[in-house]
Amino acid sequence: MDADDSLPRRSNDPLPLLIAQDLAPLSVEECEARIAALEAEVARTRTHLQRAVNHRATADALFRQ
């Protein structure tokens, strides 16, 4: 399985462009800012994922009764 196989396949998804971006021209400060922004996005995505998992578990529990 290719690493890109697990990525979303939406036509408006900016992730493939982000991954393909050339990092060579970035300064140390720009790299640090990029990392901070990406870490914030990872945290936001993890929060969304946890909410989705919790929502699913709640729905499953409700319909099992």
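What percentage of the 65 residues in the chain do buried residues make up? In this predicted model, the share is 5%. The accessible surface of the chain comes to about 6,100 Å². Carbon and sulfur atoms account for 59% of that surface. The secondary structure consists of two helices and zero strands. Helix α1 covers residues 15-20, and helix α2 covers residues 28-64.

One buried position was examined ahead of α1. D13 lies in the segment before this helix. Its relative accessibility is 18%. D13 therefore counts as buried, since the cut-off is under 20%. The side chain of D13 also makes a contact with the backbone. It reaches the backbone nitrogen of L15, at a distance of 3.1 Å.

Salt bridges were then searched for across the whole structure. The search finds one. It joins E41 to R44, and the closest N and O atoms are 2.8 Å apart. Both residues belong to helix α2. They are three residues apart in the chain, which is about one turn of the helix. The two partners fall into separate exposure classes. E41 has a relative accessibility of 35%, so it counts as partly exposed. R44 has a relative accessible area of 56% and is therefore exposed, as this value is over 50%.

The largest pocket involves this pair again. Its space amounts to about 200 Å³. The lining is made up of E41, R44, T45, R46, H48 and L49. Both members of the salt bridge, E41 and R44, are thus found in the list of lining residues. By residue class, the lining holds three charged residues, two polar residues and one nonpolar residue. The charged group comprises E41, R44 and R46. T45 and H48 are the polar members. L49 is the nonpolar one.

Note on methods. Residues are numbered from 1 along each chain as its sequence is written. This is a predicted model: local features need pLDDT of at least 70, side-chain atom pairs count only at pLDDT 80 or more; totals for chains, interfaces and linings use all residues. Side-chain values use heavy atoms; hydrogens and water are left out. On a 1 Å grid over the protein atoms alone, a cavity is a set of points where a 1.4 Å probe fits but cannot get out, and a pocket is an open set with protein on both sides within 12 Å along at least five of seven lines; lining residues have an atom within 4 Å of a point. Grid points are joined across faces, edges and corners, and a volume is the space filled by probe spheres set on the points. Helices (H or I, at least four residues) and strands (E, at least two) are DSSP runs, numbered from the N terminus. Buried means under 20% relative accessible area, exposed over 50%, partly exposed in between (1.4 Å probe, protein chains only). A polar contact is a pair of N or O atoms within 3.5 Å; within protein, one must be able to donate a hydrogen and the other to accept it, and residues adjacent in sequence count only if both atoms are side-chain atoms. A salt bridge is a side-chain nitrogen of Lys or Arg within 4 Å of a carboxyl oxygen of Asp or Glu. Accessible areas come from the Shrake-Rupley method with a 1.4 Å probe; for residues, only the protein chains shown count as cover.
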